[in-house]
Amino acid sequence: MKILVHICCAPDAVYFLKRLREDYPNAQIVGFFYDPNIHPYEEYRLRLLETERICKELNIELYEGEYDLENWLSAVRGYEDQPERGKRCEICFDYRLARSVEFAQQMGATHLTTTLLMSPKKEFNMLRESGRRVCEGKGLEFLALDYRKGGGTQEMFRLSKELEIYHQDYCGCIYGLFKQKKGEIQWDLVSFSGRRPGSKEELAFIKEIRLFAEQEIGLACREWEFSFLNWKLISGKIEVGNQTVPSFVRPYSCSIKGVLKADPLERVGNTIYYNKGGLKVILTEYMRDEPLEQMDVLCDPTFMVPMEYEELLMKNRVVATLQTEISPDKSIILLVGSLEANTIQYLPADTLQDGRGISLENVKELLRRDYEDILKGNRAYMFVGASTLGNPGLKYFEERTGRKATPLLCNQAS
Ligand code: SF4
């Protein structure tokens with residue numbers, strides 16, 4: 001008996017796969033992650049990474065299907081406004097399971113099932129019918145297993161928590177996202193360059209480090225989630241005449257209402273003060289963003305501009321626009337090694353506005369290089385989200401665990 005399991009996400013899969021193995025001890029179980037419905041791609045990546053982690057944990061072979069979002073969108077066209085559990089979901093199940101049938105046939109499987117059956121929000125009967133429909137005449141038997149019963153759902157949540165699995169807060173597609181999050185989705189749809197604090201890119205990076213550390217080289221990992229006041233830059237520009245001056249925006253700068261036209265008042269140290277709106281320009285030696293040492297609540301609209309523009313800025317009127325947002329958010333800390341290690345050093349998991357930050361290759365090298373030391377408890381490494389915004393994660397970690405962590409300088413990482 002060979003069972004192909006269509007996998008939608010790690011939380012739904014973790015208990016399902018465990019039970020499946022218990023109930024079919026002699027079957028060969030193969031996983032197939034196929035989720036072209038997931039939007040945006042960063043969310044897809046996160047779910048895939050976590051699925052890879054639990055499959056490695058459970059020693060289950062996993063394959064990834066195509067991310068053919070456009071075809072999926074065409075399949076559900078005309079049903080965009082349907083509520084969850086409606087016709088769009090039925091098509092979505094058929095679509096994903098029909099492709100799983102093809103893959104099961106390629107793999108020589110005898111049975112097909114799906115972890116969607118585990119999801120408390122899905123219609124069980126609709127899934128069972130979909131499974132039977134797509135398997136009909138294809139030489140495959142669909143296993144409509146109801147592992148939600150008898151405390152299965154609670155066990156699924158318990159296991160997810162224990163394994164610190166990322167738990168999404170919407171079903172997956174863009175239409176569900178609009179409905180389930182009721183308009184608060186602006187940041188779910190934004191793709192950032194780099195890994196901005198609290199973003200999906202930052203979270204995926206941390207999960208990727210965990211996948212490597214835990215599953216590829218066998219180092220213990222632990223996570224903590226923390227809340228912080230996030231600052232997000234929507235857009236910002238400072239101009240002199242028709243010339244846009246290259247700049248970064250200082251984190252926690254507040255927005256400018258409309259367009260601000262201001263004249264320079266004076267220069268104090270490296271800061272130019274303007275006569276309107278609290279506008280400031282900090283002259284920097286290089287065109288680069290800097291991490292905030294301390295978390296701010298809010299500051300005047302402040303641009304960081306290379307020193308070479310000093311004369312231009314001191315002699316002319318500037319026109320500035322700035323749109324930012326401050327809101328509560330969450331990020332995580334990943335500890336690789338033991339909490340009791342002699343030394344704990346930390347690295348930022350996020351990147352600055354100019355895209356600078358550690359790379360996965362550097363992290364892998366570092367962990368391979370210090371593998372023995374980490375294993376013996378001489379040292380541990382910590383990867384901290386949102387660290388460029390005053391490092392709120394570090395403070396949380398130190399308060400929560402009573403341990404101190406020191407920064408690892410970039411040249412020590414490579
Ligand atoms: S809400 Fe979920 S099941 Fe329904 S169409 Fe969207 S992704 Fe598919």
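## Exercises on a three-domain model

Met382 touches Ile333, Leu334, Leu335, Ile344, Gln345, Tyr346, Phe397 and Ala405, leaving aside residues up to four places away in sequence. The model is predicted. The exercises start from this residue and work outwards.

### Exercise 1. The cores

Task: State which core Met382 belongs to, and explain where that core lies.

Solution.
- Step 1. The largest nonpolar core has 86 residues. Met382 is among those with the most contacts inside it, along with Leu334, Val336 and Phe383.
- Step 2. Domain 1 (2–191) and domain 2 (202–229 + 329–413) both contribute residues, so this core lies between them.
- Step 3. A second, separate core has 16 residues, including Ile238, Phe248, Val305 and Ala320.

### Exercise 2. A contact of Met382

Task: Decide whether Ala405 is buried or exposed, and list what it touches.

Solution.
- Step 1. Locate Ala405: it sits in the loop between α12 (392–401) and β17 (406–407).
- Step 2. Count its surroundings. There are 22 other C-beta atoms within 10 Å. The cut-off for a buried residue is 20 or more, so Ala405 is buried.
- Step 3. Beyond four places in sequence, Ala405 touches Ile344, Gln345, Tyr346, Met382, Leu394, Phe397 and Glu398.
- Step 4. Set Ala405 against Ile238. The two are 167 residues apart in sequence, and their C-alpha atoms are 38 Å apart in space. Ile238 belongs to the second core.

### Exercise 3. Domains and overall extent

Task: Describe how domain 2 and domain 3 meet, then give the extent of the protein.

Solution.
- Step 1. The domain assignment gives domain 1 (2–191), domain 2 (202–229 + 329–413) and domain 3 (230–327).
- Step 2. The C-alpha centres of domain 2 and domain 3 lie 32 Å apart.
- Step 3. At their meeting point, 11 residues of domain 2 are in contact with 14 residues of domain 3. The domain 2 side has 5 nonpolar, 4 polar and 2 charged residues.
- Step 4. For the protein, the C-alpha atoms fill a box of roughly 80 × 60 × 35 Å along the principal axes. Of its 414 residues, 39% count as buried.
- Step 5. Take the contacts with a separation of 6 or more. Residues 24 or more positions apart account for 76% of them.

### Exercise 4. Two helices

Task: The protein has 13 helices and 17 strands. Check the lengths of α1 and α4 against the expected rise, then say what each packs against.

Solution.
- Step 1. Helix α1 (residues 10–23) has 14 residues, which should span 20 Å at 1.5 Å a residue. Its end C-alpha atoms are 20 Å apart, so the two agree.
- Step 2. Buried residues of α1 include Val14, Phe16, Leu17 and Leu20. The buried residues pack against β1 (2–7), β2 (28–33), α2 (41–57) and α6 (152–162).
- Step 3. Helix α4 (residues 87–107) has 21 residues, with an expected span of 30 Å. Its end C-alpha atoms are 30 Å apart, again in agreement.
- Step 4. Among the buried residues of α4 are Cys89, Cys92, Phe93, Leu97 and Val101. Its buried residues pack against β1, β2, α3 (69–75), β4 (111–114), α5 (124–135) and α7 (174–180).
- Step 5. Just after α4, Gly108 takes a positive phi of about 75 degrees.

### Exercise 5. The parallel sheet

Task: Give the strand order of the sheet that holds β1 and β2, and name its edges.

Solution.
- Step 1. The order is β3-β2-β1-β4-β5, an open sheet of 5 strands with parallel pairing.
- Step 2. β3 (61–64) and β5 (141–142) are the edge strands, each pairing on one side only.
- Step 3. β1 and β2 pair over 6 bridges. His6 stands opposite Phe32 in β2.

### Exercise 6. The mixed sheet

Task: Place β10 in its sheet and explain whether it is buried or in the open.

Solution.
- Step 1. The order is β8-β13-β12-β11-β10, with mixed pairing in an open sheet.
- Step 2. β10 is an edge strand, as is β8 (248–249).
- Step 3. Of the 5 residues of β10 (residues 264–268), the number buried is 0, so the strand lies largely in the open.
- Step 4. β10 pairs with β11 (residues 271–274) in the antiparallel sense over 4 bridges. Arg267 stands opposite Ile272.
- Step 5. The two strands form a hairpin with 2 residues between them, and Gly269 in the turn has a positive phi of about 60 degrees.
- Step 6. For a parallel pair, take β12 (residues 280–284) and β13 (residues 302–306), joined over 5 bridges. Thr284 has Pro306 in β13 as its bridge partner.

Technical notes:
Residues are numbered from 1 along each chain as its sequence is written. This is a predicted model: local features need pLDDT of at least 70, side-chain atom pairs count only at pLDDT 80 or more; totals for chains, interfaces and linings use all residues. A nonpolar core is a set of buried Ala, Val, Leu, Ile, Met, Phe, Trp, Tyr and Cys residues joined through C-beta atoms within 7 Å. A residue is buried if 20 or more other C-beta atoms lie within 10 Å of its own, exposed if 12 or fewer, and partly exposed in between; C-beta atoms are placed from the backbone. Domain bounds come from an automatic or database domain assignment. Two residues are in contact if their C-beta atoms, placed from the backbone, lie within 7 Å. Ala, Val, Leu, Ile, Met, Phe, Trp, Tyr, Cys and Pro count as nonpolar, Asp, Glu, Lys and Arg as charged, and the others, Gly among them, as polar. The expected span of a helix is 1.5 Å times one less than its number of residues. Two strands pair if DSSP finds at least two bridges between them.
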